[in-house]
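Hello,

Here is the structure I promised to pass on to you. Please open it beside this email and follow along as you read.

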Amino acid sequence: MVHRWISEQSYWAPGRSRSRQDAAIDGSRNFGLYDTASGRQVAYARMVTDGVTFAWLCDVFVDPELRDQGLGEMLIAGIVEDCRPLGLRRIALATADAHGLYAKFGFTRVVAPETWMERPDQPHS
């Protein structure tokens, strides 16, 4: 289900292969929300981190049929709480449309964007 969500329904990773998704999952701390009655997964996120100083929160996804019910807030609250004992200096993320959600948990726009760089999409093999 996670692969289908990310590869078919996300704006950031359309067409991501199953093998790439599995490798990403294997290299990450993974989080999910599940319906207690059915056991069905209803949300997912992963965090890439060294576990000490830095983390990148990514692939945050809530089942489209269940959005606007507070599941995103529940997911991010759980992630923030789970990572609190790590004492991470910075948790970064990128979003096109959920700034309000993340702001509720202390995320802000990059304070010094002039210091950040990226190497955009590179060809995959």
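Below is what was found in it, one topic at a time.

Please keep in mind that this is a predicted model.

**The hairpin**

A good place to begin is with strands E1 and E2. E1 covers residues 29-34 and E2 covers residues 41-49; the two run antiparallel and are joined by 6 bridges. To see one pairing for yourself, look for leucine 33, whose bridge partner in E2 is alanine 43. The hairpin has 6 residues between its strands, and glycine 39 takes a positive phi there, near 80 degrees.

Threonine 36 also belongs to the loop between E1 and E2. Is threonine 36 buried or exposed? With a relative accessible area of 84%, threonine 36 is exposed. If you would like a distance to check in your viewer, try the C-alpha atoms of threonine 36 and phenylalanine 107: they are separated by 29 Å, and the two residues are 71 apart along the chain.

**Salt bridges**

Next come the charged side chains. Side chains of opposite charge can pair when their charged atoms come close. How many salt bridges are there? The count comes to 7.

One of them is between aspartate 59 and arginine 16, with the closest N and O atoms 2.7 Å apart. Aspartate 59 lies in strand E3 (residues 54-62), while arginine 16 lies in the loop between helix H1 (2-9) and helix H2 (18-26), so this pair ties together parts that are 43 residues apart in sequence. Aspartate 59 has a relative accessible area of 4%, so it counts as buried.

Another salt bridge sits within helix H2. Here aspartate 22 pairs with arginine 18, and the closest N and O atoms are 3.0 Å apart. The two residues are 4 apart in H2, which means that about one helical turn separates them. Aspartate 22 is partly exposed at 30% relative accessibility, whereas arginine 18 is exposed, at 51%.

A further salt bridge joins the side chains of aspartate 82 and arginine 29, at 2.8 Å from N to O. Since aspartate 82 belongs to helix H3 (residues 71-83) and arginine 29 to strand E1, the pair ties together parts that are 53 residues apart in sequence. Both partners are partly exposed: aspartate 82 has a relative accessible area of 36%, and arginine 29 has one of 28%. Finally, Arg16, Arg46 and Asp59 are joined into one network by salt bridges that share partners.

**Helices H3 and H1**

Now have a look at H3. This helix has 13 residues and reaches 18 Å from its first C-alpha to its last, close to the 18 Å expected at 1.5 Å a residue. Which residues of H3 are buried? They are Leu71, Gly72, Leu75, Ile76, Ile79 and Cys83. If you look down the axis of H3, these buried residues fall within an arc of 130 degrees, so they line one face of the helix. What they pack against is E1, E2, E3 and helix H4 (99-103).

Helix H1 has buried residues too, namely Val2, Trp5, Ile6 and Ser7. Among the elements that cover the buried residues of H1 are H2, E2 and E3.

**Aromatic rings**

The last topic is the aromatic rings. The structure holds 5 aromatic pairs. In one of these, tryptophan 5 and phenylalanine 61 are stacked, with 5.3 Å from centre to centre and 25 degrees between the planes. This pair links distant parts of the chain, as tryptophan 5 is in helix H1 and phenylalanine 61 is in strand E3, 56 residues apart. Both tryptophan 5 and phenylalanine 61 are buried.

For another arrangement, turn to tyrosine 102 and phenylalanine 107. Their ring centres are 5.8 Å apart and their planes are at 75 degrees, so the pair is edge-to-face. Tyrosine 102 is buried, with a relative accessible area of 7%, and phenylalanine 107 is buried as well, with 17%. To finish, find Trp5, Tyr11, Trp12 and Phe61, which form one aromatic cluster.

Enjoy exploring, and do write back with any questions.

Best wishes

Technical notes. Residues are numbered from 1 along each chain as its sequence is written. This is a predicted model: local features need pLDDT of at least 70, side-chain atom pairs count only at pLDDT 80 or more; totals for chains, interfaces and linings use all residues. Side-chain values use heavy atoms; hydrogens and water are left out. Two strands pair if DSSP finds at least two bridges between them. A salt bridge is a side-chain nitrogen of Lys or Arg within 4 Å of a carboxyl oxygen of Asp or Glu. Buried means under 20% relative accessible area, exposed over 50%, partly exposed in between (1.4 Å probe, protein chains only). The expected span of a helix is 1.5 Å times one less than its number of residues. The arc is that of the directions from the helix axis to the C-beta atoms. Contact means heavy atoms within 4.5 Å. Rings of Phe, Tyr and Trp (its six-membered ring) pair if their centres lie within 6.5 Å; planes under 30 degrees apart count as stacked, over 60 as edge-to-face and the rest as tilted.
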